[in-house]
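This report examines two helices and several individual residues of one protein chain. The reader is invited to follow each residue on the structure while reading.

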Amino acid sequence: MSKSEIIGRMAQASGISRDQAKLALEALTDHIAMTLKDGRDVRITGFGSFHLSERAEGTARNPRTGETVFRPASRTARFRAGEGLKSVLNG
């Protein structure tokens, strides 16, 4: 499902315009990103939680050439499904 499809479904389900739904979705994703950037988790009860995952720097091997290369430290977001989402998917 694309961002545009999500916006369309949000607008239809809530009775608001597509522009309002787009602003709401962008506000949500921006807030989640900034909260994670600050090092805090985001929990949406019944849906799941987003948390920051950090990977230390190290070395990696290029599988094509076998050459060892330096891999810098990095941060990424992880999502863990909540019980409500799991029950919808498995029910």
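## Helix α1

In this predicted model, the buried residues of α1 include I7, G8 and A11. These residues cover an arc of only 100° around the axis, which puts them on the same side of α1. The other side of α1 carries the exposed residues R9 and A13. Among the elements that cover the buried residues of α1 is α2.

The length of α1 can be checked by simple reasoning. The helix has twelve residues, and at 1.5 Å a residue these should span 16 Å; the C-alpha atoms at its two ends are 16 Å apart, so the expectation and the model agree. After α1 comes G15, which has a positive phi, near 75°.

## Helix α2

How far apart should the ends of α2 be, at 1.5 Å a residue? Helix α2 runs over residues 18-37, and its 20 residues should span 28 Å; its end C-alpha atoms are 28 Å apart, which agrees. The buried residues of this helix are A21, L25, I32, T35 and L36. Viewed down the axis of α2, they fall within an arc of 105°, and therefore they line one face of the helix.

The face turned away from that buried side carries D19, L23, H31 and K37, which are exposed. Several elements take part in covering the buried residues of α2, including α1 (3-14), β1 (42-44), β2 (48-55) and β5 (74-81). Helix α2 is followed by G39, and the phi of G39 is positive, near 90°.

## How the two helices meet

Helices α1 and α2 pack at an angle of about 115°, and their axes are 8 Å apart. The crossing in which α1 passes α2 is right-handed. On the α1 side, the contact involves K3, S4, I6, I7, G8, M10 and A11; on the α2 side, R18, A21, K22, A24, L25 and E26 take part. Sorted by class, this contact holds seven nonpolar, two polar and four charged residues.

Some of these residues also appear in the lists of buried positions: I7, G8 and A11 are buried in α1, while A21 and L25 are buried in α2. One of the contact residues, K22, is located in helix α2. With a relative accessibility of 39%, K22 counts as partly exposed, because that value lies between the limits of 20% and 50%. K22 and A11 are eleven residues apart along the chain, and 8.5 Å separates their C-alpha atoms.

## From helix α2 to strand β1

Residue D41 belongs to the loop between α2 and β1. Its relative accessible area is 37%, and D41 is partly exposed. Which residues does D41 contact, leaving aside its neighbours within four places in sequence? They are T35, F50, H51 and L52. For the pair D41 and H51, the separation is ten residues in sequence and 4.7 Å in space, from C-alpha to C-alpha.

V42 is part of strand β1. Is V42 buried or exposed? V42 has a relative accessible area of 12%, which makes it buried, since the cut-off is under 20%. Not counting residues up to four places away in sequence, V42 touches I32, T35, G48, S49 and F50. Two of these, I32 and T35, are among the buried residues of α2. V42 and E26 are 16 residues apart in sequence, and their C-alpha atoms are 16 Å apart in space.

## Two residues of strand β2

Strand β2 contains S49. The relative accessible area of S49 is 14%, and this residue is buried. When residues up to four places away in sequence are not counted, S49 touches V42, R43, R78, F79 and R80.

E54 is also a residue of strand β2. Its relative accessibility of 59% places E54 in the exposed class. Apart from its neighbours within four places in sequence, E54 is in contact with S74 and R75. E54 and A77 are 23 residues apart along the chain, and their C-alpha atoms are separated by 8.7 Å.

Key: Residues are numbered from 1 along each chain as its sequence is written. This is a predicted model: local features need pLDDT of at least 70, side-chain atom pairs count only at pLDDT 80 or more; totals for chains, interfaces and linings use all residues. Side-chain values use heavy atoms; hydrogens and water are left out. Helices (H or I, at least four residues) and strands (E, at least two) are DSSP runs, numbered from the N terminus. The expected span of a helix is 1.5 Å times one less than its number of residues. Buried means under 20% relative accessible area, exposed over 50%, partly exposed in between (1.4 Å probe, protein chains only). The arc is that of the directions from the helix axis to the C-beta atoms. Contact means heavy atoms within 4.5 Å. Axes are lines fitted to C-alpha atoms, for helices over the stretch in contact, and angles run from 0 to 180 degrees between N-to-C directions. A crossing is left-handed if the near helix is turned anticlockwise from the far one by less than a right angle, and right-handed if clockwise. Ala, Val, Leu, Ile, Met, Phe, Trp, Tyr, Cys and Pro count as nonpolar, Asp, Glu, Lys and Arg as charged, and the others, Gly among them, as polar.
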